[in-house]
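Trainee: I am new to this structure and should be grateful for a close look at a single part of it. Please choose a helix and set it among its surroundings.

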Amino acid sequence: MILEAHALFLAILADPFPNGIAHYAAGGVLVGLGVAIIYLGTGRIAGASTFLESTLSYGSTLSRFQRYRPSRDWRVVFTLGIVAGAGVYAFTLGDGVWVTDVQPWRLFLGGVLVGIGTRVGKGCTSGHGVCGVGSASSASFVGVATFLLIAIGTAQLVQAMGVGI
């Protein structure tokens, strides 16, 4: 009976995860370890949405950006670590190159819109989804539910409109 349940579980996972779940699980462990280290070392939640504002504090004197001065250095390292981690993965475990059919201007525009959205939404999936939900924050549960509903709705709308890459 246990073997049958195990086989059924693996069959259910085979469709959405045709390459297995081991690398996703390893990534999850590394993300959890990373946010725990940042929290223990700084006492702050490791959200990526404040990266832009904290980086702008290097060149701007506006008070909006200056509130992040005490934490801007580790936020830059955090963000560079995200990019470096993707590069290390691509060149060690991936194909060696990251290839996409998405036009560069669309990637850039999407990144800008996501950045604006995370600031307007008072946080991102890394801050709310990983750290906030992990610490049982009710605001984070609402935020993550909103992120997911909007993302799913947008994806369905875009697909229904026939918009492709």
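Mentor: A helix here is a DSSP run of type H or I with at least four residues, numbered from the N terminus. With that understood, let us take helix H6, which comprises residues 104-120 and contains Ile116. The model is a predicted one.

I begin with the frame in which H6 stands. The chain holds eight helices and zero strands, and its pattern along the sequence reads α-α-α-α-α-α-α-α. The C-alpha trace spans about 65 × 40 × 40 Å along its principal axes. Of the 165 residues in the chain, 21% are buried. The chain exposes about 12,100 Å², and carbon and sulfur atoms supply 72% of that area. Among the contacts with a separation of 6 or more, 52% are between residues 24 or more positions apart.

Now to H6 itself. It has 17 residues and reaches 24 Å from its first C-alpha to its last, close to the 24 Å expected at 1.5 Å a residue. Which residues form a nonpolar patch on the surface? They are Trp105, Phe108, Leu109, Val112, Leu113, Ile116 and Val120, and together they have about 760 Å² of accessible area. Ile116 may serve as an example from this patch. Its relative accessible area is 49%, so it counts as partly exposed; the exposed class requires a value over 50%. Just after H6, Lys122 takes a positive phi of about 60°.

Two residues in loops elsewhere bring us back to this stretch of the chain. Arg67 lies in the loop between helix H4 (63-66) and H5. Its relative accessibility is 52%, and it therefore counts as exposed. Setting aside residues up to four places away in sequence, Arg67 touches Glu53 and Arg119. Arg67 and Ser54, 13 residues apart in sequence, have C-alpha atoms 8.0 Å apart.

The second residue is Ala48, in the loop between helix H2 (22-42) and helix H3 (51-56). With a relative accessible area of 29%, Ala48 is partly exposed. The C-alpha atoms of Ala48 and Val114 are separated by 11 Å, although these residues are 66 residues apart along the chain. Beyond its neighbours within four places in sequence, Ala48 is in contact with Phe78, Cys124 and Ser126. Two of these partners, Phe78 and Ser126, lead on to other helices, and I take them in turn.

Phe78 lies in helix H5 (residues 72-92) together with Trp74; the two are four residues apart, about one turn of the helix. How many aromatic pairs does a search of the whole structure find? The search finds one. It consists of Trp74 and Phe78, whose ring centres are 6.2 Å apart and whose planes stand at 70°, so the pair is edge-to-face. The reasoning rests on two cut-offs: centres must lie within 6.5 Å for rings to pair, and planes over 60 degrees apart count as edge-to-face. Are the two partners buried or exposed? Trp74 has a relative accessibility of 16% and so counts as buried. Phe78, at 17%, is buried as well.

Ser126 is one of the buried residues of H7, which are Ser126, Gly127, His128, Cys131 and Gly132. The cover over these buried residues includes H2 and H8. From the other side, the buried residues of H8 pack against H7; in H8 the buried residues are Ser140, Gly143 and Val144.

Between these two helices, H7 (125-134) and H8 (138-160), a loop contains Ala136. The phi of Ala136 is near 60°, a positive value in a residue other than glycine. Because its relative accessibility is 56%, Ala136 counts as exposed. H8 has 23 residues and reaches 33 Å between its first and last C-alpha, close to the 33 Å expected at 1.5 Å a residue. Just after H8, Gly162 has a positive phi of about 80°.

To return to the part we chose: H6 contains Ile116, a partly exposed residue that belongs to the nonpolar surface patch. Elsewhere, Trp74 and Phe78 of H5 form the edge-to-face pair, and the buried residues of H8 pack against H7.

Methods: Residues numbered from 1 in each chain as written. Predicted model: local features only at pLDDT ≥ 70, side-chain atom pairs only at ≥ 80, totals over all residues. Heavy atoms only, no water. Patch = residues over 30% accessible without salt bridge, like charges linked within 9 Å, V, L, I, M, F, W, Y side chains within 5 Å. Areas by Shrake-Rupley, 256 points an atom, 1.4 Å probe, with all protein chains shown as cover. Salt bridge = Lys/Arg side-chain N within 4 Å of Asp/Glu carboxyl O. Buried < 20%, exposed > 50% of the residue type's maximum accessible area, 1.4 Å probe, protein only. Phe/Tyr/Trp six-rings, centres within 6.5 Å; stacked < 30°, edge-to-face > 60°. Expected span 1.5 Å × (residues − 1). Contact = heavy atoms within 4.5 Å.
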